[in-house]
2 protein chains.
Amino acid sequence: MITVALAKGALLKDSVTRLAQAGLDFSAVLDPTNRLLMVPSACGRAKALLVRNGDVPVYVAYGQAQLGIVGFDVLSEKQMPVANLVDLGFCGCRMSVAVKATSGYRSAVELPPHCRVASKFTSCARQFFEDIDLPVELVHLTGSVELGPLTGIAEAIVDLVATGRTLRENGLIEIDQLFYSTARLIAHPLSLRLDNGRLQEIIEIMQSSKDSSAQ
Amino acid sequence: MITVALAKGALLKDSVTRLAQAGLDFSAVLDPTNRLLMVPSACGRAKALLVRNGDVPVYVAYGQAQLGIVGFDVLSEKQMPVANLVDLGFCGCRMSVAVKATSGYRSAVELPPHCRVASKFTSCARQFFEDIDLPVELVHLTGSVELGPLTGIAEAIVDLVATGRTLRENGLIEIDQLFYSTARLIAHPLSLRLDNGRLQEIIEIMQSSKDSSAQ
C-alpha cells in the first residue's frame, strides 16, 4: 500500500486536488470533523499520514511514507535525504530578509556584521549569510518572527512572505530574497528504486498535470 | 517599563491570574478578539509579549523581557541562560517515555539498544537516555508524536502526558518518567542584578502566593 505524507494547513487542499488527478482520492482529510491522522484513500489502495509541515520530509526520509507533499522552504531547512521530484507550483511564497522600514538598510549586505537575525528557518538563513560572507548571530524563534525587529531582539528577520501584509502591518520591508518556495512532491529514494511501477505512474501524472496547468 | 513574556495557549489564563495577584493586570490578552502581540497592562506600567511557548526563554535570555512564564519542559529543552525563579505549580504534566501497549517493554532500560525514539523534546530525551546509558537514535518530530510507534518510525516516544488520554486513544502506555513539569517564573539574570526593587517585589508576591496556594 502506498502511504503519502501530507502537511496539515495551507498546503492540504491543493495537495488533495493534485493527488486526486493521479487517482488517489484523499478528500476525507478535508472533512473538518476528521480527527484521524492516518486516513485511507477512497479506493482503499493508499493511505495519507496527516502530519505537521516540518514532519513530512522526516516520515518520507525514514520510509514510513513513500511519497509526500511539502513546501520547498521546509525541504531546504530540514535537509533530509529525500528525492525532490516535482515542483507542483502551488502555495508560492518568498523566503525573504526583512528589516524595519525606518532602519535605512536596503539590502542584506548593508546589515552590520555580527547583527542579530531572527528566523524559524535558521539553516536557510545561515547558508544565505555565509554565501554573502556576512557574519551574523542567528536567533531561533518558533513563531511571530515579525516581532523580532519590533522588540529589538534582532535587527533583521528571515521569513516566508506571501502577500507581504504581515510585514506591512508591522512596519517591516523586504530587502532581499533567499529563494522562491512552492509545494514539492518528494519520495523515499529506496522506495523509488524498488518501485514496481505504481509510484512512477503517480509521479508521471503529477508531473504532466503540472506541465499542463503551467501552459 | 517591565516586559513579561507570556506563552500563548494552555499556560496563558493561569499566567494572567498569577501576575494580577502581583499587581500586573494583563487580562486584555485573554480577550479572544485581541490580535496584538505586545499588550500594555491595565496600569500602563508594564507590557506583555505574547509569544509561542518555545520563544519565552529566548526573549528573556536576550533581555527583551525581564520576566517570563513558561513550562519546565520548554525550559529544560531550550537550555537558555535564564534564572528559574519560582515554581508556580500550574499546568502540571509528566515528561514520559511511552511505547505501544502491545510491545512488551515495561521500562526504558528494556528498550533495544539503537532503537528509534521520536520526540519534540530531543534534548531532554538525549539527556535521559545518556543517563541510563542506552544508545538510541532520536527522531525529531514537531507534532503528533503519538503517531511514531503507530507508523513504525520509532519504537518509543518521549512526550508530555497530562491526562494520558492521547496515549490511550493510540494504544500507547507510559513506561518511564523523565520529570514532572509545571509553569515557572523566569527572569533575565542581568535585569535581576540591576533591579531597583520592582522586579523583586513582583517575584516575592508570586513566590508567596504560590506558598499560600500550596497550603
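**Exercise 1. Count the salt bridges over all chains, and place those within a chain in the fold.**

Solution. With a salt bridge taken as a side-chain nitrogen of Lys or Arg within 4 Å of a carboxyl oxygen of Asp or Glu, the count comes to 8 salt bridges over all chains. The structure is a predicted model, in which local features need pLDDT of at least 70 and side-chain atom pairs count only at pLDDT 80 or more, while totals for chains, interfaces and linings use all residues. Residues are numbered from 1 along each chain as its sequence is written, chains are lettered from A and ligands numbered from 1 in the order in which they are written, and side-chain values use heavy atoms, with hydrogens and water left out.

Step 1. Begin with Glu174(A), whose side chain meets that of Arg94(A) in a salt bridge of 2.9 Å, N to O. This pair links distant parts of the chain, since Glu174(A) belongs to strand E10 (residues 172-181) of chain A and Arg94(A) to strand E6 (residues 93-100) of chain A, 80 residues apart. Helices (H or I, at least four residues) and strands (E, at least two) are DSSP runs, numbered from the N terminus. On the scale where buried means under 20% relative accessible area, exposed over 50% and partly exposed in between (1.4 Å probe, protein chains only), Glu174(A) is partly exposed at 30%, and Arg94(A) is partly exposed at 23%.

Step 2. Turn to chain B, where Asp87(B) forms a salt bridge with Arg184(B), the closest N and O atoms being 3.8 Å apart. Here too the pair links distant parts of the chain, with Asp87(B) in strand E5 (residues 83-87) of chain B and Arg184(B) in strand E11 (residues 183-187) of chain B, 97 residues apart. Asp87(B) is partly exposed at 28% relative accessibility, whereas Arg184(B) is buried, with a relative accessible area of 12%.

Step 3. Consider finally a pair within one helix: the side chains of Glu169(A) and Arg165(A) meet in a salt bridge of 2.8 Å, N to O. Both residues lie in helix H6 (residues 165-169) of chain A, 4 residues apart, about one turn of the helix.

**Exercise 2. Describe how chain A and chain B are related, and what the contact between them contains.**

Solution. Step 1. Superpose the copies by least squares on the C-alpha atoms of residues with pLDDT of at least 70 in both; a rotation of 180 degrees with 0.0 Å of shift along its axis then brings chain A onto chain B, with an RMSD of 0.0 Å. That is the relation of a two-fold axis. The same surface serves both copies, as 100% of the contact residues of chain A recur in chain B. Of the residues of chain A, Thr142(A) comes closest to the rotation axis, its C-alpha being at 5.4 Å.

Step 2. With contact meaning heavy atoms within 4.5 Å, the interface takes 32 residues from chain A and 32 residues from chain B. The two chains bury about 2500 Å² between them, 55% of it on carbon and sulfur atoms, where buried area is the accessible area (1.4 Å probe) that two parts lose on being put together, summed over both.

Step 3. Between chain A and chain B the count is 2 salt bridges. The side chains of Arg35(B) and Glu169(A) meet in a salt bridge of 3.8 Å, N to O, and Arg35(A), Arg165(B) and Glu169(B) are linked in a network of salt bridges.

**Exercise 3. Explain why Cys91(A) and Cys93(A) are not bonded to each other.**

Solution. A disulfide is defined as a pair of cysteine sulfur atoms within 2.5 Å. The sulfur of Cys91(A) is 7.3 Å from the closest cysteine sulfur, that of Cys93(A), and this is too far for a bond. In chain B, the sulfur of Cys93(B) is likewise 7.3 Å from its closest cysteine sulfur, in Cys91(B), again too far for a bond. The count therefore comes to 0 disulfides over all chains.

**Exercise 4. Locate Asp159(B) and characterise its surroundings.**

Solution. Asp159(B) lies in strand E9 (residues 156-161) of chain B. Asp159(B) is buried yet has no salt bridge, the nearest side chain of opposite charge being Lys120(B), 4.3 Å away; in this count Lys and Arg are positive and Asp and Glu negative, while His and the chain ends are not counted. Leaving aside neighbours within four places in sequence, Asp159(B) is in contact with residues including Arg94(B), Lys120(B) and Phe121(B).
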